[in-house]
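Thanks for passing this one along. Here are my notes, set out as numbered points so that you can follow them with the model open beside you.

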Amino acid sequence: MSKTMKNIDSFTHVRGESIFVDDLITRQDTLIGLVFDSPKAHGKIKEVNYSKAEKVKGVVKIFTYKDILGVNQIGEILPDEPLWAENEVHYWGQPIAFIVAESEAIAKKARLLIEIEIEELPVITTAIKAKEKKSFISAPIYFKLGDTAATFSNCDHVTEGETFSNGQEHLYLETQGCYAVPQENGSIKITSSTQGPAQVQKAAARVLGVAMHKIEVDVIRLGGGFGGKEDQATAWAVMAAVAVQYLNKPIKYILNRYDDLRMTGKRHPYSSFFKIGLNKDLKIMAFEAEFLQNSGAAADLSPAIAERTLFHATNSYFIPNVSTVVYSCKTNLPPNTAFRGFGGPQGMFVIESAIAKMAEEMGIDKRKIQEANLLAENDEFSYGQIATKVEAQSTWFSAKEKFEFGKLEKEIFSFNRKNAHFKKGISLMPITFGISFTNTMMNHARALVHIYQDGSVGVSTGAVEMGQGVNTKMLQVAQITLGISANKVKLETTNTTRVANTSPSAASVTADLNGKAVDMACVALIERLRKVAAKMASVDESTIFFKEDYVFVNGEKSEFTWETIVAQAMVERIVLSENAHYATPIVHFDKIKGKGHPFAYHVYGTAITAVTLDCVRGTYEIDFVKIVHDFGKSMNIGIDIGQVEGALVQGIGWMTTEEIAYSSDGRLLSNALSTYKVPDIFSAPKTVEIIPAAVEGNKMAIRKSKAVGEPPLMYGIGAYFAIQQAVKAFNKNYKLKFDSPFTPGKVLTGLYEKN
Ligand code: MTE
Ligand code: LUZ
Ligand code: MOS
């Protein structure tokens, strides 16, 4: 573990000097965009009357699909999503038109004057209803290992059940937005708050009907993305570009919070059905699950997310017979999208529920079943990958030992004996998360490194900084590989003209992919500079090493500084720029067979969560979460601990208080922070302890520092089962339900249900 370097953004963040899209200095003739969206969830558009809106002074033009010169299509995985609705609307909040005006106030005034007549069609809001109606986005996906049907008949214990996990609002602090500016000869520069600049570029070129080289996308940083800007930052940027193409004026569009909440997709709600079979030694012999994913009205990333649900359907357990299927169900909700964990959390919630149900029926502790089935070296995942360097058991047992689980458990039993109106519960939650884009072709990245003639360095990559600290890690890689101090290195914005054809910053793999590319570029540069240094010092090249801004010869600091060598390289006309490309080796996956080796490696860990219920009110507090987490060899433990804490609280929110609600006619009811409860300082755990697992790290990770962005979100699932145990401690008649989030309302019902 190297000494923690401070996040390079913290200085400007705390001073309010960091620049986001809305902080850009705009050109004087900049116009403001605003979407007019569907006021109904499903229907035929009979008529839209823009005449009153167009007459508002200061309205420049209202754009619709008719103004598109290219193709009205922004779907990435499937071409099923128009930029602007044509004759039908499929969800409440679907963009129909784009008002461009001199100010936001004018645009808002105009929006209220647009008259629309919609012939309503039946609305589907749940995955179960969609499946009944055979309303699907794509074909179901199946993973199979062994033979579940034959195995169940030999099991000593079999149970079945169903679960529901709700969606989740990303609630990035910075709402979606963009600023598009005309350049020469029909080129457009778009500054976008996107995780995927190359996708914005590609979609804009397609919709505008221009070559990709006409579109430059620049990303400074995001005020959070959490997956919500992996695919869904595209629409706004493309709308602004269409307006720029027509008006030849700069267009800015920053969504206000209400519009953002209403128009964007969220984490997918899932309705799932499971069947689990154990033998008398508590070994899980067979597991079947059917997942119904509520995909919303268009594909977006749903099929990929559905697939990852299956990858994580057995979480940290080895199960020899597995049969899982997932349906991407088409409903009349905004297209649901990537959200930290990408379908993995939804899968893990189901297996944990199945284990809990089985434990209840057998009258034993859930932890006994969990512990008896933890993954071991060379176990096979249902998708054919063989587990290696497994830390499922080691993190589990080290969490139990380091945090004195036996003692914690005793304290909770004795608290529950003594207290009538307060009850505590405790849970263990192991996680196993695969690192790589499951779509193999996306696992690549590039970096462009310039050494300027004064010795300072500029680094460009495809990585988007969204608060996760990837720029700091890129800087560390460059600094260490070049042997120079941190203040010599600058991270440039993410720009499609410097680093092209990138994958979005997602799947927790941004630092790995881009970091490896930065490392390769720096290695190539240092090789050249070693030759220059060897000549200057009149020694053999093999004795040269760069460290602390100096040339070291045979381990001894020489008189030659980094700057001298760089200056000499200029004299010798040696190229001081390097572009490198990294593509993850080994990974492959056959989507038809559902078999392969999709992940470069897995991240492991175990969390212990304890809660206290107020059994009069149904409210609860998270007493503590204690985690042993597999960071590999963390290259920045400060940033990585921050990622674990943030993901944990986000996971707890998903499982406890964050409740997305739509009316039966498809209108978002949880449409503000007064009706949608995210964790605050009172609902966050009172204490969080995180201990790095004693592991050697993995060479597939950047500097053996494992990916950390998404996996810890799933520790939050532990909160659900801790609350459940506390409810049971109060009310022996409570029948376990698996219906998340476990809101205080549901807790209260559970505490007093009679059965
Ligand atoms: N952390 C912050 N502060 N803000 C974010 O938007 N996104 C998460 C995670 N951590 C996010 C974050 C998600 S969904 C992913 S996939 C990863 O960061 C992406 O960055 P990485 O690949 O560099 O881990
Ligand atoms: N995005 C994606 C992801 O396109 N593919 C993935 O496998 C993935 N995994 C996690 C998060 N985002
Ligand atoms: Mo994260 S869901 O991969 O953006």
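1. Which of the 17 residues around ligand 1 come nearest? They are Gly225, Phe226, Met466, Thr510 and Gln643. Please keep in mind while reading that this is a predicted model.

2. The polar contacts of ligand 1 are a good place to continue. An oxygen atom of ligand 1 lies 2.7 Å from a polar backbone atom of Gly225, a residue also listed among those that come nearest. The side chain of Gln468 takes part as well, with an N or O atom 3.1 Å from an oxygen atom of ligand 1. At Ser508 a polar backbone atom is 3.4 Å from an oxygen atom of the ligand. On its own, ligand 1 exposes 520 Å², and the protein buries 92% of that.

3. What classes of residue make up the shell around ligand 1? There are six nonpolar, nine polar and two charged residues in that shell.

4. Now for ligand 2. Around it you will find Glu230, Arg308, Phe342, Phe437, Thr438, Met442, Ala506, Ala507 and Glu710. Sorted by class, this shell holds five nonpolar residues, one polar residue and three charged ones. The space that ligand 2 takes up is the largest pocket.

5. Which atoms of the protein face the nitrogen and oxygen atoms of ligand 2? In the side chain of Glu230, an N or O atom is 2.8 Å from a nitrogen atom of the ligand. Thr438 contributes a polar backbone atom, 3.0 Å from an oxygen atom of ligand 2. Ala507 also uses its backbone: an N or O atom there is 3.4 Å from a nitrogen atom of ligand 2. Alone, ligand 2 has 290 Å² of accessible area, and the protein covers 97% of it.

6. Away from the ligands, have a look at the open sheet made by three strands in the order 4-2-6, with antiparallel pairing. Strand 4 (88-89) and strand 6 (115-120) are the edge strands, each pairing on one side only. As general background, strands of a sheet pair through backbone hydrogen bonds, in either a parallel or an antiparallel way.

7. One pairing in this sheet can be followed residue by residue. Strand 2 spans residues 43-49 and pairs with strand 4 in the antiparallel sense over two bridges. Which residue stands opposite Glu88 in strand 4? It is Lys44.

Note on methods
Residues numbered from 1 in each chain as written. Chains lettered and ligands numbered in written order. Predicted model: local features only at pLDDT ≥ 70, side-chain atom pairs only at ≥ 80, totals over all residues. Heavy atoms only, no water. Near = heavy atom within 4 Å. Polar contact = N/O pair within 3.5 Å; in protein donor to acceptor, adjacent residues only side chain to side chain. Areas by Shrake-Rupley, 256 points an atom, 1.4 Å probe, with all protein chains shown as cover. 1 Å grid on protein atoms, 1.4 Å probe; cavity = no way out; pocket = protein on both sides within 12 Å on 5 of 7 lines; lining within 4 Å. Sits in = over half its atoms within 2 Å of the grid points. Nonpolar A, V, L, I, M, F, W, Y, C, P; charged D, E, K, R; others polar. Pairing = 2+ DSSP bridges. Helix = DSSP H or I, 4+ residues; strand = E, 2+ residues; numbered from the N terminus.
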